[in-house]
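Visitor: I would like to go through this structure with you and ask, at each step, what justifies the words that are used for it.

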Amino acid sequence: MNQSVFSSSKVQKKSEFVGSLRHTFEIMEGKSKMSSAENAIEIENLMVSYHHKPVLWDIQLSLPAGQIIGIIGPNGSGKTTLLKSIMGLLPLDSGTVRFFGKPIKEVRGRLSYVPQRESVDWDFPANVRDVVLMGRYRKDNLFKRLSKEDHRIANEAIEKVGLTDLAKRQIAQLSGGQQQRVFIARALAQQADIYLMDEPFVGVDAATEDAILKLLAEMRDEGKTVIIVHHDLQTAYSTFDWVVLLRTRLIASGPKSEVFTAKNLQNAYGGKLSILSRLGDILSEEEIELGKKEPS
Amino acid sequence: MDALYIILTGTLVAWLCGILGVFIVLRKLSMLGDAISHAVLPGIVIAYLISGDRSSPLLFIGAALFGVAVTVLIELLNKKASMQSDASVGTSFTLFFSVGIVLVSLLASRVDIDADCVLHGEIGLVPFDRINRGGVDFGPRQLWVIGISFLVVGLVLLWAYKGLYLTSFNSEFAASLGVGITSWHYLLMSSVSLATVVSFEAVGAILVVGFLVIPPASAWLWSRRLNEMIILTLIMGFISAVAGYFLAVLLDSSIAATMCVVALIQFIISFLVNPRHGVLKKWIYKPQYSPHKPM
C-alpha cells in the first residue's frame, strides 16, 4: 500500500511538472487569458491532523475560477476537512490558502460556505426567510438592522430556489430537499464569488438535485466558482467540470477527463472492488468523452 | 404590598433567567446553566470575604469570573482531555461548588452566608431587606438588583440579538463569516453567571436552573420564530411568578418552589397539546399540512 501511495505521488509530481511546464509555455505564447490564468484558490503545503493522526497530508492545489469543482474521495479521505481548512474553520498544522492571491481576511465577503445540512438543528425557531437573511449578515453589520436592499436580495434568492410560497414556513416543516434549498438560497444571498458546499446533494430528491445543478451551472456561467464536496462517484462525472481526487494526500486534480483514469481511481479507492466495478460501468459509458480532449 | 414585591421579584427573576435561557436551550447548553449556577458560589464567598458587604458589586464580578471559569474548565476537559461532555460538566461544577461549600463552613463565623440559604434561597424575605438612604425607603434591595440586572441583560441581548441568533443556529456558518463564536459564547455565559448570582438569594442555586430552562423549553414547543419564543417565555415566567405566589400562600409552602411547580405545569400542558410535537396533537388538531409534502 505504501508503495502505491508513493508511486502515485511520483506520478502526481510528474504530471504537476508537465502541467506547470505547459502553463509556462502558454504564458510565453501569450495564450493564457487573464480569466483562465487566475486561480480562485491556491493551496500550499496544507497539513491538517486530528488527535495526532494526519487527515490531510501535504496538499498542493490550484483551483481555477469559473468552474464547478468536485472534491471526491472515499470515506475519511479528508474531503470535508479540506473544505473547512480552506474556509479557515480548522487549525492548520501548516500551509497557506489564498483566494485570488489574497489571504482569507481580505476576501471573506467574496466567499460563501454551505455546511452539511445535518450540521444544524432544523427544529430551530426560524422560518425560511429568517435563515436566508443570515446570508446578508456580515461581521461588520452584526449590530445594525438589515437594510431594505438586504431583504430584497434575500427574497430574490428565495425565489431563485423556488421557495417563495414557503418563505414564512418554519424550517422544521420542510422536507430534506427544501431545507437544502434554504441553505443554497442563503448562499445565493451572500452574493459571493467562490461557493464552498459540503455534500449539498445528500438526502435530496431527484427533482431538487436537478434544480440545484441548474442553478450551479447558471452561477458558473456568471463566472462564479463552485466547489463541492461530493461522495457519490457515480454522479460525479456528469456533475463537475474539474475534479479533485483526495485520499489524505492529493491523488489528482484537473479537468474531469484527465482525472478520471483507472489508475487515479485505483489510487484513491484502493481495493474497494464494489466501487471499482461500478466505476467500470461509468467509464465505459463515458468512453467517447474520455477519448476526446476537454474543449478549453 | 409585600405580596406585590415578592411577585414582582419573582417575575423579574423569571424574565432575567428566561431571556438568557432561550439561548441556553437553543444552544443545547441547559446543563451548562446548571453548572454555572452552582460554580459561582466560591466566587461569591471570596468576594464577600474581601468586601464584607453582601450588596457589593464585587460579588457579581467574583461570581461572573467563576461562572466563566467553570465553562472554560468544562471546555478544557471536553476538548483537550477528550472527556465525555456530561462527565466534564459533572466533574467541573461539583468541584467548584464543593469548594464553595467548604469555604462557607470554614468561614461561617465571618461570612453571613449559610449553605442552606445558597441552595434554596428565600424569596419571602425580599420585602424585609430594604434600601434606606437618609431615612427614605427606596424599597427592597433585591428588587432593585434584579430589576437593574434585567434591564442591563435585556439591553445587551437586544444589542447582541443578531449575533446570538446566528451563532446559536449555525456556528460554523457564523465562523465562515469571520464572526468569533467563542466571544459570543462567553458573552452569554458571563450573562448567565450574573443572572444566577442576582437570582440565587431569592430562589436558590437549584431552582434558578428551573427558571433558566423550563419556561424557554415550554415556549420552544410552541414557537415558530425566535421572537415568539422570547415573548412566550416572558408570559410564562410572569404566570409562574403570580400563580406560584398564590399557590404558596394556599399550601403554606416555599414560594420559589411553587413558582417552579407552576412553570412545570405549563411545561406539561405545552408538552401535551402543542401543535408541533404535542403528544395529544393527533386528537386536538386536524392535519393541515404534511411536513414532507412533495413540491
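Guide: Let me begin with a term that is needed shortly: a crossing of two helices is called left-handed if the near helix is turned anticlockwise from the far one by less than a right angle. What we are looking at is a predicted model, and it scores ipTM 0.85 and pTM 0.83.

Visitor: Which handedness does that term give for α6(B) and α8(B)?

Guide: The crossing in which α6(B) passes α8(B) is left-handed. Helix α6 covers residues 141-169 of chain B and helix α8 covers residues 181-222 of chain B, and their axes come within 10 Å and cross at roughly 160 degrees.

Visitor: What makes α6(B) roughly antiparallel to α8(B)?

Guide: Angles over 145 degrees count as roughly antiparallel, and the crossing angle here is roughly 160 degrees, so α6(B) is described as roughly antiparallel to α8(B). Among the residues that make this contact are B:Val145, B:Ile146 and B:Val153 of α6(B), together with B:Trp184, B:Leu187 and B:Leu188 of α8(B). By class, the residues of the contact of α6(B) with α8(B) divide into 14 nonpolar, 6 polar and 1 charged.

Visitor: Why are α7(A) and α8(A) called roughly parallel?

Guide: Helix α7 (residues 176-189) and helix α8 (residues 206-221) of chain A pack at an angle of about 15 degrees, with their axes 10 Å apart. Angles under 35 degrees count as roughly parallel, and therefore α7(A) and α8(A) are given that description. The passage of α7(A) by α8(A) is a left-handed crossing. On the α7(A) side the meeting residues are A:Gly177, A:Gln180, A:Arg181 and A:Ile184, while α8(A) contributes A:Thr208, A:Ile212 and A:Leu215; the residues of this contact divide into 3 nonpolar, 3 polar and 1 charged.

Visitor: What makes A:Ala217 partly exposed?

Guide: A:Ala217, which lies in helix α8 of chain A, has 14 C-beta neighbours inside 10 Å. A residue needs 20 or more to be buried and 12 or fewer to be exposed, so A:Ala217 counts as partly exposed. From C-alpha to C-alpha, A:Ala217 and A:Phe240 are 9.7 Å apart in space, although 23 residues apart in sequence.

Visitor: How do you know that helix α3 of chain A is largely enclosed by the rest of the structure?

Guide: Helix α3 of chain A runs over residues 79-86, and 7 of its 8 residues are buried, so it is largely enclosed by the rest of the structure. The buried residues of α3(A) include A:Leu82, A:Leu83 and A:Ile86, as well as A:Lys79 and A:Lys84. Just after α3(A) comes A:Gly88, which takes a positive phi of about 75 degrees.

Visitor: What is the phi of A:Thr248, and is the residue buried or exposed?

Guide: A:Thr248 has a phi near 60 degrees, a positive value in a residue other than glycine. Most residues other than glycine have a negative phi. A:Thr248 sits in the loop between β8 (242-247) and β9 (249-255) of chain A. The cut-off for buried is 20 or more other C-beta atoms within 10 Å, and A:Thr248, with 20, is therefore buried.

Visitor: Why does B:Ser82 count as exposed?

Guide: B:Ser82 has 9 C-beta neighbours inside 10 Å, and because the limit for an exposed residue is 12 or fewer, B:Ser82 counts as exposed. B:Ser82 lies in the loop between α3 (57-79) and α4 (85-106) of chain B, and its phi is near 55 degrees, a positive value in a residue other than glycine.

Visitor: How do you know how confident the predictor is in chain B?

Guide: On the pLDDT scale from 0 to 100, chain B averages 87, and 94% of its residues score at least 70. Among the elements of chain B, helix α5 (residues 115-120) has the lowest mean pLDDT, 70, and helix α9 (residues 226-251) the highest, 96.

Visitor: How many residues bring the two chains into contact?

Guide: In the model, 23 residues of chain A are in contact with 25 residues of chain B. The side of chain A that touches chain B has 13 nonpolar, 6 polar and 4 charged residues.

Definitions and conventions. Residues numbered from 1 in each chain as written. Chains lettered and ligands numbered in written order. Predicted model: local features only at pLDDT ≥ 70, side-chain atom pairs only at ≥ 80, totals over all residues. Helix = DSSP H or I, 4+ residues; strand = E, 2+ residues; numbered from the N terminus. Contact = placed C-beta atoms within 7 Å. Nonpolar A, V, L, I, M, F, W, Y, C, P; charged D, E, K, R; others polar. Axes fitted to C-alpha atoms, helices over the stretch in contact; angles between N-to-C directions. Parallel < 35°, antiparallel > 145°, perpendicular 65-115°, else oblique.
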